[in-house]
Amino acid sequence: MQPFIEEFQIEAFQRDLIQWFEREQRDLPWRKDSDPYKIWVSEVMLQQTRVDTVIPYFHQFMEQFPTLESLATADEEKVLKAWEGLGYYSRVRNLHAAVKEVKERYGGKVPDSAEEFSKLKGVGPYTTGAVLSIAYGLPEPAVDGNVMRVLSRIFLVEEDIAKVKTRKIFENIVRMIISHENPSYFNQALMELGALICVPGKPACLLCPVQAHCRAFAEGRQEELPVKTKKAKVKEVSIAAAVVMDKRGRILIHKRDQEGLLANLWEFPNCEVGKEQPQKELTAFLKKEYGACVELSSPFAALEHVFSHLVWNIVVYCGTIMGDITETDRLKLVSEQEIQQLAFPVSHQRIWKEYKQFKQEGG
């Protein structure tokens, strides 16, 4: 590891980086204080989600769950509803489980040691470093995609950042260059630099506060880095979904499995289908899985929903339930008002929005 920091001016780099952050840092709600619970929530929200998207969710979440205790004792349905629209729901389920453990095992105080904090559900090396450095001032590395991009350019690291072992290289670099006087600002400054200046593609090198320390800039190679292998092509799946109503005007919804993609969220009945007879396949599925005899009309919407590894191509029908349905904990007939209280994934929120528009237009 020594070659990376050989002849590197560590103290000057720390000073230039932190002074820039003191001047230029964005006014973000989780920076108002160093409450480890708030910082933890913000870091979980910010995983794979843009800052501008997170800000209103963070405010809303903190209004509902202002303390760790309030989140630990909250009903899962309310927690999922508060997260609705942010996606990657395993994040909030893990957070919910972890704060319960903090309440029970640590008396409600977020652990201030990497060994204890990193054992909590859903807490990886990045979250450990971010929370412990920002909330408790511990010199722990917080290495995410932004930070790897910044450091790959500064230190001219040509290892593939898609590989797990490459993260270790950057974590070791940060351990050697982090400010022990102000690890909070140091880590936040690296993240901020990646978000505002050292961006993907064409970094704004002329505005960079640490340009003098950047080896990629010195060699004119900043746009070549970081090295990252391309992801495999995402899988496309055809899905037929239905908004179906009984004679009392109640709508059939189903709760997804407790494990896996979008676990424990409500949805309109749907299934994977082939290209030839999606309506027929969906009708058969509803009968077999839910005991629901339905008459479906022509489709009223077609939606594409993109995950990181998967694309859903959804065709949506509306229809009428003929006869009765046996409700369970995971299969319910609900009113339109009740739908507003339950947590649905974004794709099914879009289905509901399309359905209401279709009805307004006389469908």
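Q: In which helix is A97 found?
A: This is a predicted model, in which local features need pLDDT of at least 70, side-chain atom pairs count only at pLDDT 80 or more, and totals for chains, interfaces and linings use all residues. Residues are numbered from 1 along each chain as its sequence is written, and side-chain values use heavy atoms, with hydrogens and water left out. Helices (H or I, at least four residues) and strands (E, at least two) are DSSP runs, numbered from the N terminus. The run that covers residues 90-106 and holds A97 is helix α7.

Q: Which accessibility class does A97 count in?
A: A residue is buried under 20% relative accessible area, exposed over 50% and partly exposed in between (1.4 Å probe, protein chains only). The relative accessibility of A97 is 30%. Because this value falls between the two limits, A97 counts as partly exposed.

Q: What distance separates the C-alpha atoms of A97 and P269?
A: These two residues are 172 residues apart along the chain. In space, their C-alpha atoms are separated by 28 Å.

Q: How many helices and strands does the protein have?
A: The C-alpha trace spans about 80 × 50 × 35 Å along its principal axes. Of the 363 residues in the protein, 48% are buried. The secondary structure comes to 16 helices and eight strands.

Q: Among contacts between residues at least 6 apart in sequence, what percentage join residues at least 24 apart?
A: A contact here requires heavy atoms within 4.5 Å. Among contacts in the protein between residues at least 6 apart, the share that joins residues at least 24 apart is 68%.

Q: Which two residues touch the most other members of the largest nonpolar core?
A: A nonpolar core is a set of buried Ala, Val, Leu, Ile, Met, Phe, Trp, Tyr and Cys residues joined through side-chain atoms within 4.5 Å. In soluble globular proteins, nonpolar side chains tend to be buried together. The largest such core holds 103 residues. The members that touch the most others are W40 and F61.

Q: How many residues make up the second, separate core?
A: In the largest core, F61 is in contact with residues including Y37, M45, W83 and V92, its neighbours within four places in sequence left aside. The second core is separate and includes L282, L286, V294 and I321. Its membership is 17 residues.

Q: With which side chain does the side chain of S238 make a polar contact?
A: S238 is found in strand β1, residues 235-245, and is buried, with a relative accessible area of 17%. Beyond its neighbours within four places in sequence, S238 is in contact with C271, E272, V273, K275 and N313. A polar contact is a pair of N or O atoms within 3.5 Å; within protein, one must be able to donate a hydrogen and the other to accept it, and residues adjacent in sequence count only if both atoms are side-chain atoms. At 3.0 Å, the partner of the S238 side chain is K275.

Q: What is the length of the polar contact between the side chains of N313 and E236?
A: N313 lies in strand β7, residues 310-322, and is partly exposed, with a relative accessible area of 25%. Residues up to four places away not counted, N313 touches E236, V237, S238, I239, L303 and E304. The polar contact between the side chains of N313 and E236 has a length of 2.9 Å.

Q: Is C198 buried or exposed?
A: C198 lies in the loop between α12 (183-196) and α13 (215-218). Leaving out residues up to four places away in sequence, C198 touches R149, V150, R153, L193 and P203. Because its relative accessibility is 10%, C198 counts as buried.

Q: Which residue does a cis peptide bond join to L225?
A: Most residues other than glycine have a negative phi, and most peptide bonds are trans. The bond in question is cis, with omega about 0 degrees. The residue joined to L225 is found in the loop between α13 and β1; this residue is P226.

Q: What is the phi of Y88?
A: Y88 lies in the loop between α6 (76-83) and α7. With a relative accessible area of 37%, Y88 is partly exposed. Y88 is not a glycine, yet its phi is positive, at about 45 degrees.

Q: Near what value is the phi of Q48?
A: Q48 is found in the loop between α3 (36-46) and α4 (51-64). At 59% relative accessibility, Q48 counts as exposed. Its phi is positive in a residue other than glycine, and is near 60 degrees.
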